[in-house]
Protein chains: 2
Amino acid sequence: MAAPIPDLPILAEDDSMLTRKFGREVANYFSGSPLNRVSFLRGDHGFLSSAFSHPTASFLLMENLSPLAQDPTKLAYVEKSIVEPLTGSDPFKKTEEELLKEFNSDVAFPVILFLGIDEKKKSGFEYKDYRGAPYFAVDVTPKGSITEVAKGVIEAAKAKGVSFLPGTRHITLNAPEGEIPWFFVQKTTPADIGAAAIYAQARALLDWNARNPFCGGCGQKTLSVNAGMKRTCPPTDLAGVPEGGAPKERGPCPTRHGVSNLCFPRTDPTMIVAVVSADGTKMLLGRQKRWPPYWYSTLAGFLEPGESIEEAVRREVWEESGVTVGRVVIHSSQPWPYPANLMIGAIGQATTEGETINLGNDPELESAKWFPMEEVRDALLTGTSGLGEAAPEGYKEGGLRLPPQTAIANRLMDAVTGGFLAASKI
Amino acid sequence: MAAPIPDLPILAEDDSMLTRKFGREVANYFSGSPLNRVSFLRGDHGFLSSAFSHPTASFLLMENLSPLAQDPTKLAYVEKSIVEPLTGSDPFKKTEEELLKEFNSDVAFPVILFLGIDEKKKSGFEYKDYRGAPYFAVDVTPKGSITEVAKGVIEAAKAKGVSFLPGTRHITLNAPEGEIPWFFVQKTTPADIGAAAIYAQARALLDWNARNPFCGGCGQKTLSVNAGMKRTCPPTDLAGVPEGGAPKERGPCPTRHGVSNLCFPRTDPTMIVAVVSADGTKMLLGRQKRWPPYWYSTLAGFLEPGESIEEAVRREVWEESGVTVGRVVIHSSQPWPYPANLMIGAIGQATTEGETINLGNDPELESAKWFPMEEVRDALLTGTSGLGEAAPEGYKEGGLRLPPQTAIANRLMDAVTGGFLAASKI
């Protein structure tokens, strides 16, 4: 049975000059978070402590990057008493400075993320000018010295009748329903139906913390600070030091001098592009060998250092299909937390002389083809499904199959076949 | 004296539907590379070896990330004989597999980047279907066991009457002059006047290699492969092993199982936005305390994991200025190699109720203000200069000062004040 395809967020109607000229903004799946991240408060341990201890705080547990959920569409949150055996009652009590001084590379500690506050929930929590229900995520993966305690937390959570989502990619979670107003500070969407974006934030950050236990600059173990948004390389270590002894100096590290991007989460910008023919009647799609028969999608690839998005579009399209692209317009973007991609959706137009397909450069695609716009339009209505799923009901064998609405590829094709190209001045 | 402000690349005129609807594409400074990266050939040591040894190969030397240059606008390239004492005569002779087997963490080796081929130069170099003059960059920073040899290479290069550019930021290098045709495979710009983009690519990649000598996944030393585009964590090490002995097994590393983003260069996506007022008559600009008096620019900030570009724009603008932004349109992008940013230029429109400025959230800006469009337009004509430079001639004390054309901020302001907002359907 096909998993449910979540509804997509719809941004509020407005009549700004930008909307009149460019149309309504497209909010892609995994975007549209209902939380205000109040990122500037992540270093404020007074704020973090009181948010963590507030009775309305919600804790999302993740085990090996799978979230606790009520069902495939809804996340499940637990209260503080459930996570406390693992996190302690006030994990933000100590300042970053104190944590650095007490750093002991032999002691495991679960990563606790502060995700943001849901300002729509009149929770009674307030700190300075900010009000709303606090959201945290906790990595409860059993490992090292916290294995047994983490297992206990997992059992206590499961006793509530909820479970961790199976599988590794979770694209069944609800996106916000109804209209999202523009201002993230005035969201009307309650957090329980903005699940996809909350999960994306938590997954990306826990994964980054898990992948980077060591410092790329000096090779020594690092410490998670700023409620999960930074990893820092402590100058001393208490590992192996007898109780009450002075911490040992560690080797030098370049990240301790000035700001280093190594301390902050990485996001890999990736372009994905719907290429239209010079005359606007066809769209270029490609397929990888491992995909189901008749399945095609838009071309995509990572940006490289020292290149603009527009250049990456032209390079990747030429490398993968031999087609040369002229004007590139950036359409919308999508966070894609597997593990840390930012999908930048573009629409490009092939040049008149550049439409010949050649798969002989980079052999990444099994096939690349020009499809008439009508065929793509029809397939968007009758041939979309998740990659691992059966074709939808009514699909006729041999017809074009395409990715579902949760993929920005689908949204790009929808935009182009829906009239995005129509020149308004001609 | 003010450093020269380079001309900006101008993309070829075309009359595609996208151009008719959205206007001509803006190519920002540091983009517009004249080289074809042929990225799919970076793992092909036969290709790399023959490109490296071809008499028309050009080598850009960089010392502590400063490029060798003829003058502040033009890079200088040396021939193979100059770098050979450092690189050896055929550094790509061995395959990646062989290099991994022979890995010795005690032996320093300079990073050699393959940058691409200049297909406009009829150089006689060809490999399969690809023809053009090969470009490489070599890190000649004296360090560790290669200190003396590197110093010798530097002296030999300087003896040619060229020198490394002083300072740490180099924004005086030429961008392509005249029109760049769309297809990067048919560039008409010779590489010697596409200097900024070539430098940006080389700087970003050498910096990434230099910042990441250790593996973030396991803390062990890594090896630069794929002509500088990958760092891999070898399973064995010959350090301390007597001549002819078997290499020592190293500890396990998660990056050795499947593909890991830790092995590839990181690029940090950053949004930068020209926010216009709800009625389109004003622009929101901010200033940092350390900037010269009267200097303002557009707001900018790093994207966070699990957030779209559009969301990051709204979050950052609200955090830094209190203004709430509605529709966001992405305008153009710019690689910014200090150290690894991708500047994503956006234009956003404030909501009618959201124009009140509040600096009390994130105290990053000293001031944020709404400027009438005419004032911004005038300042683009009379008040731009590099950040460390004196105001331009004719500037009147107290007038608005803005960043130069090399900054995407300038291009965004230029687009907006030049009519980008004009709704074509009303």
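Two strands count as paired if DSSP finds at least two bridges between them. With that criterion in hand, the tour may begin; note that the model is predicted.

**Stop 1: the annotated span of chain A**

Select residues 265-393 of chain A, to which an unreviewed UniProt entry assigns the annotation "domain: Nudix hydrolase". The span is 18% helix and 36% strand, and its end C-alpha atoms are 41 Å apart.

**Stop 2: strand β16 of chain A and its partners**

Within chain A, select β16(A), residues 282-287. Five of its six residues are buried, so the strand is largely enclosed by the rest of the structure. Next add β15(A), residues 268-276, which runs antiparallel to β16(A) and is joined to it by two bridges. Here V276(A) is placed opposite M283(A). Five residues separate the two strands of this hairpin, and G280(A) adopts a positive phi near 80 degrees.

Then add β20(A), residues 367-372, which pairs with β16(A) in the antiparallel sense over six bridges. Which residue of β20(A) is the bridge partner of M283(A)? The partner is F371(A). M283(A) thus stands opposite V276(A) and is bridged to F371(A). When inspecting side chains here, recall that in a regular strand they alternate between the two faces of the sheet.

**Stop 3: the corresponding strands of chain B**

Move to β16(B), residues 282-287 of chain B. Five of the six residues in this strand are buried, so β16(B) is largely enclosed by the rest of the structure. Two bridges pair it with β15(B), residues 268-276, in the antiparallel sense. A convenient pair to label is V275(B) and L284(B), which stand opposite each other. In the hairpin, with five residues between its strands, G280(B) has a positive phi near 80 degrees. Six bridges link β16(B) to the antiparallel strand β20(B), residues 367-372, and L285(B) has K369(B) as its bridge partner there.

**Stop 4: a helix pair in chain A**

Select α3(A), residues 80-87, together with α5(A), residues 147-158; their axes come within 8 Å and cross at roughly 170 degrees. Angles over 145 degrees count as roughly antiparallel, and the two helices are therefore roughly antiparallel to each other. From α3(A), display I82(A), V83(A), P85(A) and L86(A), which meet V149(A), A150(A), V153(A), A156(A) and A157(A) of α5(A). This contact comprises nine nonpolar, no polar and no charged residues.

**Stop 5: E304 of chain B**

Is E304(B) buried or exposed? Its relative accessible area is 8%, so E304(B) is buried, the cut-off being under 20%. The residue is located in the loop between β17 (299-302) and α7 (309-321) of chain B. Beyond its neighbours within four places in sequence, E304(B) contacts R37(A), S39(A), R42(A) and M229(A), as well as R315(B). Its C-alpha atom is separated by 9.1 Å from that of T270(B), 34 residues apart along the chain.

**Stop 6: backbone details**

Select Y338(A) and P339(A): the peptide bond joining them is cis, with omega near -5 degrees. P339(A) is in the loop between β18 (325-336) and β19 (341-350) of chain A. In chain B, the bond from Y338(B) to P339(B) is likewise cis, with omega near -5 degrees.

Finally, select A227(A), in the loop between β11 (223-225) and β12 (230-232) of chain A. Although not a glycine, A227(A) has a positive phi of about 50 degrees, and at 5% relative accessibility it counts as buried. In chain B, A227(B) has a positive phi of about 50 degrees and is buried, with a relative accessible area of 6%.

Notes:
Residues numbered from 1 in each chain as written. Chains lettered and ligands numbered in written order. Predicted model: local features only at pLDDT ≥ 70, side-chain atom pairs only at ≥ 80, totals over all residues. Heavy atoms only, no water. UniProt positions renumbered as here; feature names shortened; annotations may be inferred. Helix = DSSP H or I, 4+ residues; strand = E, 2+ residues; numbered from the N terminus. Buried < 20%, exposed > 50% of the residue type's maximum accessible area, 1.4 Å probe, protein only. Axes fitted to C-alpha atoms, helices over the stretch in contact; angles between N-to-C directions. Parallel < 35°, antiparallel > 145°, perpendicular 65-115°, else oblique. Contact = heavy atoms within 4.5 Å. Nonpolar A, V, L, I, M, F, W, Y, C, P; charged D, E, K, R; others polar.
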